[in-house]
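The following explanation leads the reader through the structure in three steps. It considers backbone geometry, then charged side chains, and finally the surroundings of the ligand.

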Amino acid sequence: MEDLIARRSALLGPNVSTFYDDPVHIVRGDGVWVWDAQGRKYLDCYNNVPHVGHCNPRVVDAICAQARVLNTHTRYLHELLLDYVERLTGTFDAALDTAILTCTGSEANDIALRMAEAVTGKRGIIATDATYHGNTTLVSHLSRSNIPEVGYGMGDFVRHIEAPDSYRIDDPDGHRFAENVQRAIEAHEKSGIGFSALIICPLFLNEGFPAQNPGWLKPTAERVKQASGILICDEVQSGFGRCGSHFWAHQKQGVVPDIVCLGKPMGNGHPVAGVVTQSEIMDQFRTAFRYFNTFGGNPVSCAAAMAVLDELESKDLQANAAKIGKMAADHLNELASRHQVIGDVRQSGMVFGAEFVLDQTSKSPASKFANRVVNAMRQEGILLSKLGRHKNTLKIRPPMPFDEANLDQLMTTLDKVLSETPVLV
Ligand code: PMP
């Protein structure tokens, strides 16, 4: 292990992050399980990229079969890309009928921002102050924590607004958020930069997935529309049925975005991502910018992405996300009744967690405790993480086939770890 860590830093440079104080060296995966080099089995409660399960046989077979026949770029004609885009756009509102496939979510968001610029002729972007949208030069400036130590940054082109936080900020229907968006729109217009786009994850997953009433984004979408701006929903994490009630999280939030960005789960680990939008926006983008991506939309990627849709449908995994997510929330609420350190329970389909606080009245974040819990769970063979502005909320986001027995194992272990981990150290 020490050898691997030393080689990593020699070969990859400093600040390459690993999970856990005692990193896990995994060598094999199957469904919701991964194994380390010593043969120890871990329950994966974290990874949303192997959406339909690690090494899903249907996806692996589809990749291998297509790789044996042909893999090339999209300057040749090939049905698979068209068949996939047709099927993908069929899961959206009728207006969202065209797509570009990319290799990463970052690229998808980068394109979306350029589409907004092409349509509005303006460059002012609005994002929340606790978000992450990716790692290109443009997109990295949307994350406050990501702003590089060197370079010029985006200056006044990006305006950050308060991220929703249902535990501390009262905004059950999204009116406060919409007013903050409105103020940022006005500031962009007044500065002369002009308002181009609001980019948000519809479930605010990186921000800590606050509880929100259905239709929460409607007041915000109206403000964006009135200002002739573009609403970009970054569904890199929230899409493909994870929220349980809908295939896309923006549908749960009651809005039809102008652009939707996809990634992570789309190819079950194969690097395929994309941007879905309306024909008029696509026309303006394709006219304003010449765009080509060597790997994006290649036949092997399309075969992987198609197999993911087949697997989701044939196993009804969206329904599983709704069912297991609801049971998870019940379990966490029961734990909260016995463990004072749980201040709030949150859940949206197959993504759930608990916010830890030192004190229920002041709601002061128990961030170090959250870190200890995550590391103790790893020692117990359960992989999960933490997130949110204060990094004090458990992030539990397993592959979609996660079942009742897996949930029982997770919750029994969490109960034990919460009992054994000191809150104040
Ligand atoms: N958007 C969101 C909401 C994300 O969580 C991430 C990755 N964590 C990205 C975009 C970037 O995706 P990628 O790493 O594929 O570039």
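A residue is called buried when its relative accessible area is under 20%, exposed when that value is over 50%, and partly exposed in between. This cut-off is applied below to a predicted model.

The backbone offers a starting point. Most residues other than glycine have a negative phi. Tyr-20 has a positive phi, near 75°, although it is a residue other than glycine. Tyr-20 belongs to the loop that runs between helix H1 (2–12) and strand S1 (26–30). Because the relative accessibility of Tyr-20 is 14%, this residue counts as buried. Lys-391 likewise carries a positive phi, in this case near 50°. The loop that holds Lys-391 lies between strand S14 (385–387) and strand S15 (393–395). With a relative accessible area of 45%, Lys-391 is partly exposed.

The charged side chains come next. Side chains of opposite charge can pair when their charged atoms come close. The cut-off used here is a side-chain nitrogen of Lys or Arg within 4 Å of a carboxyl oxygen of Asp or Glu. By this rule the model contains 20 salt bridges.

One of these joins Asp-110 to Arg-114, with an N to O distance of 3.9 Å. Both residues belong to helix H4 (residues 105–120), and because they are four residues apart there, about one helical turn separates them. The two partners fall into separate accessibility classes: Asp-110 is buried at 15% relative accessibility, whereas Arg-114 is partly exposed at 23%.

Helix H11 (residues 317–338) contains a pair with this spacing, Asp-330 and Lys-326, which are four residues apart and thus about one helical turn from each other. Their side chains form a salt bridge at 3.1 Å, N to O. Asp-330 is partly exposed, its relative accessibility being 42%. Further along in H11, Glu-334 and Arg-338 are also four residues apart, again about one helical turn. The closest N and O atoms of this salt bridge are 2.8 Å apart. Both partners are partly exposed: Arg-338 has a relative accessibility of 43%, and Glu-334 has one of 38%.

Salt bridges can also be followed beyond single pairs. Asp-165, Arg-168, Asp-344, Arg-346 and Glu-355 are linked by salt bridges into a network.

The last step turns to the ligand, which sits in the largest pocket. Among the residues that surround the ligand are Thr-104, Gly-105, Ser-106 and Asn-109, together with Tyr-132, His-133 and Gly-134. The surrounding residues also include Asn-206, Asp-234, Val-236, Gln-237 and Lys-264. Helix H4, already met through the pair Asp-110 and Arg-114, gives the most to this shell, with three residues.

Which ligand atoms lie close to polar side-chain atoms of Ser-106, Asn-206 and Lys-264? For Ser-106, a polar side-chain atom lies 2.4 Å from a ligand oxygen. For Asn-206, the corresponding distance to an oxygen atom of the ligand is 3.3 Å. For Lys-264, the ligand atom is a nitrogen, found 3.4 Å from an N or O atom of the side chain. On its own the ligand has 390 Å² of accessible area, and the protein covers 83% of it.

Methods: Residues numbered from 1 in each chain as written. Predicted model: local features only at pLDDT ≥ 70, side-chain atom pairs only at ≥ 80, totals over all residues. Heavy atoms only, no water. Helix = DSSP H or I, 4+ residues; strand = E, 2+ residues; numbered from the N terminus. Buried < 20%, exposed > 50% of the residue type's maximum accessible area, 1.4 Å probe, protein only. Near = heavy atom within 4 Å. Polar contact = N/O pair within 3.5 Å; in protein donor to acceptor, adjacent residues only side chain to side chain. Areas by Shrake-Rupley, 256 points an atom, 1.4 Å probe, with all protein chains shown as cover. 1 Å grid on protein atoms, 1.4 Å probe; cavity = no way out; pocket = protein on both sides within 12 Å on 5 of 7 lines; lining within 4 Å. Sits in = over half its atoms within 2 Å of the grid points.
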